[in-house]
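Here's a walk through how the helices and sheets of this protein fit together. Keep the structure open while you read.

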Amino acid sequence: MKAIGYQKPQPISQPDALMDITLPEPVATGRDLLVRVHAVSVNPVDTKVRAGSAPAEGQDYKVLGWDASGIVQAVGPEVTLFQPGDRVWYAGSIARPGTNSELHLVDERIVGHAPRSLDFAQAAALPLTAITAWEMLFDRLGIAPGKQPGGKTLLIVGASGGVGSILTQLAARLTSLTVIGTASRPETQAWVRELGAHHVIDHSRPIAGELRRIGFPAVDYIVSLTQTDQHYAQIVEAIAPQGKFGLIDDPASLDATALKRKSVSLHWELMFTRSLFGTQDMQGQHRMLEEIAALVDAGLIRTTLAERFGTINAANLRRAHALIESGKARGKVVLENWD
């Protein structure tokens with residue numbers, strides 16, 4: 001089968017940073033689905049792993065990719081949730097070979113039936129970011145869904161990116177929070193407003209000052225999705241006493257004692273945790289994807305597909321990685337179908 005992989009970590013400017021390769025077709029066992037991949041999207045995790053991780057011992061290539069949509073080709077003998085022919089979407093496991101291959105094995109417990117109203121590319125843009133945003137909002141921060149008056153505020157730092165684009169929608173449509181997003185360019189600020197943010201501020205300026213300017217000297221919840229180390233001092237200043245702070249990126253260091261004076265709780269989110277450790281609630285991601293699909297089909301959540309980068313091949317994937325690494329991506333970049 002066709003796939004895209006690499007033999008050693010390299011800058012994306014190198015032609016063999018990602019290469020078109022051929023691999024044996026995998027076989028579904030246990031609770032695995034064998035999925036024929038129709039579309040994939042590219043996330044920051046793809047670029048980080050490519051830049052820093054070599055193939056596993058005994059493997060010639062490392063295959064990246066987590067977001068995918070496609071058709072179930074075959075199922076393992078223990079599968080109960082799906083059957084061949086089902087349209088599916090999922091975000092995979094960081095501990096297994098990725099979705100940048102024509103055929104891919106994935107545990108059914110982290111897979112959902114794809115939204116009926118979306119094509120494969122539109123669906124592939126959503127799973128990883130949707131699960132991350134859902135887990136952050138409802139599992140990590142413990143925010144209750146519903147529109148009962150609460151007067152609470154949520155600041156999303158980096159609201160125009162992949163996770164931010166979904167988190168903004170979920171918070172604005174499913175909770176009573178006043179949602180404040182950050183974005184630094186006119187086009188990304190407009191995007192965040194379209195997604196439902198009540199206010200948009202510029203994170204290239206001091207965040208605490210921007211919040212005071214729009215009448216919010218302190219916010220109850222802050223989620224930082226990018227450049228946390230750069231914004232951390234402003235986050236500490238802006239968060240309300242007894243607030244909750246969540247993040248998903250990888251700051252070089254984080255002094256949690258700065259949060260003590262305000263009794264602020266700190267929450268990490270990594271959507272791969274359930275599959276990486278095989279947690280008892282691993283199948284919760286299946287239920288999340290089923291619920292998110294229903295929200296999409298009801299018109300409450302829209303795809304964050306921003307750019308279609310053509311067919312799934314190494315050249316197009318290198319272009320996508322380069323765009324993600326530039327920090328200028330808005331929404332999600334998707335590749336679809338094979339040459």
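## H3 against H4

Start with helix H3 (residues 127-140) and helix H4 (residues 162-174) in this predicted model. Their axes come within 8 Å of each other and cross at roughly 50°, and that angle makes H3 oblique to H4. The crossing of H3 past H4 is right-handed.

Which residues make the contact? On the H3 side they are Thr129, Ala130, Thr132, Ala133, Trp134, Leu137 and Phe138. H4 brings in Gly162, Val163, Ile166, Leu167, Leu170, Ala171 and Leu174. Sort them by class and you get 11 nonpolar and 3 polar residues, with no charged ones, in the contact of H3 with H4.

## H3 against H9

H3 also packs with helix H9 (residues 284-297). Here the axes come within 10 Å and cross at roughly 105°, which means H3 is roughly perpendicular to H9.

From H3, the residues involved are Pro127, Ala130, Ile131, Trp134, Glu135 and Asp139. They meet Gln285, Met288, Leu289, Glu291, Ile292 and Leu295 of H9. The class count for this H3 and H9 contact is 8 nonpolar, 1 polar and 3 charged residues. Look out for Ala130 and Trp134: they're in the H3 list for H4, and they turn up in the H3 list for H9 too.

## The six-stranded sheet

Now for the sheets. How are the strands ordered in the parallel one? The order is E11-E10-E9-E12-E13-E14, 6 strands in an open sheet with parallel pairing. Strand E11 (199-201) and strand E14 (265-268) are the edge strands, and each of them pairs on one side only. Going from one strand to the next, the twist averages 20°.

At the E11 end, strand E10 (residues 178-182) runs parallel to E11, and 3 bridges join the two. One bridge to find on screen: isoleucine 180 has histidine 199 in E11 as its partner.

H3 comes back into the story here. The helix lies across strand E9 (153-157), strand E12 (219-224), strand E13 (239-247) and E14. Relative to E14, H3 runs at about 145°.

## The three-stranded sheet

The other sheet is open as well, with 3 strands in the order E2-E1-E4 and antiparallel pairing. Strand E2 (19-22) and strand E4 (62-63) sit at the edges with a single partner strand each, so one side of each has no neighbour in the sheet.

Strand E1 (residues 2-6) and E2 run antiparallel and are joined by 4 bridges. Within that pairing, glycine 5 has methionine 19 in E2 as its bridge partner.

## Buried spots: H1 and threonine 228

Helix H1 (residues 44-52) has several buried residues: Val45, Asp46, Thr47, Val49 and Arg50. What covers them? The cover includes E1, strand E3 (32-42), E4, H3 and helix H10 (314-326).

One more residue to click on is threonine 228, found in helix H7 (residues 228-238). Is threonine 228 buried or exposed? Its relative accessible area is 0%, so threonine 228 counts as buried. Leaving aside neighbours within four places in sequence, threonine 228 is in contact with Phe245, Leu247, Asp249, Pro251 and Leu254.

Definitions and conventions
Residues are numbered from 1 along each chain as its sequence is written. This is a predicted model: local features need pLDDT of at least 70, side-chain atom pairs count only at pLDDT 80 or more; totals for chains, interfaces and linings use all residues. Side-chain values use heavy atoms; hydrogens and water are left out. Axes are lines fitted to C-alpha atoms, for helices over the stretch in contact, and angles run from 0 to 180 degrees between N-to-C directions. Angles under 35 degrees count as roughly parallel, over 145 as roughly antiparallel, 65 to 115 as roughly perpendicular and the rest as oblique. A crossing is left-handed if the near helix is turned anticlockwise from the far one by less than a right angle, and right-handed if clockwise. Contact means heavy atoms within 4.5 Å. Ala, Val, Leu, Ile, Met, Phe, Trp, Tyr, Cys and Pro count as nonpolar, Asp, Glu, Lys and Arg as charged, and the others, Gly among them, as polar. Two strands pair if DSSP finds at least two bridges between them. Buried means under 20% relative accessible area, exposed over 50%, partly exposed in between (1.4 Å probe, protein chains only).
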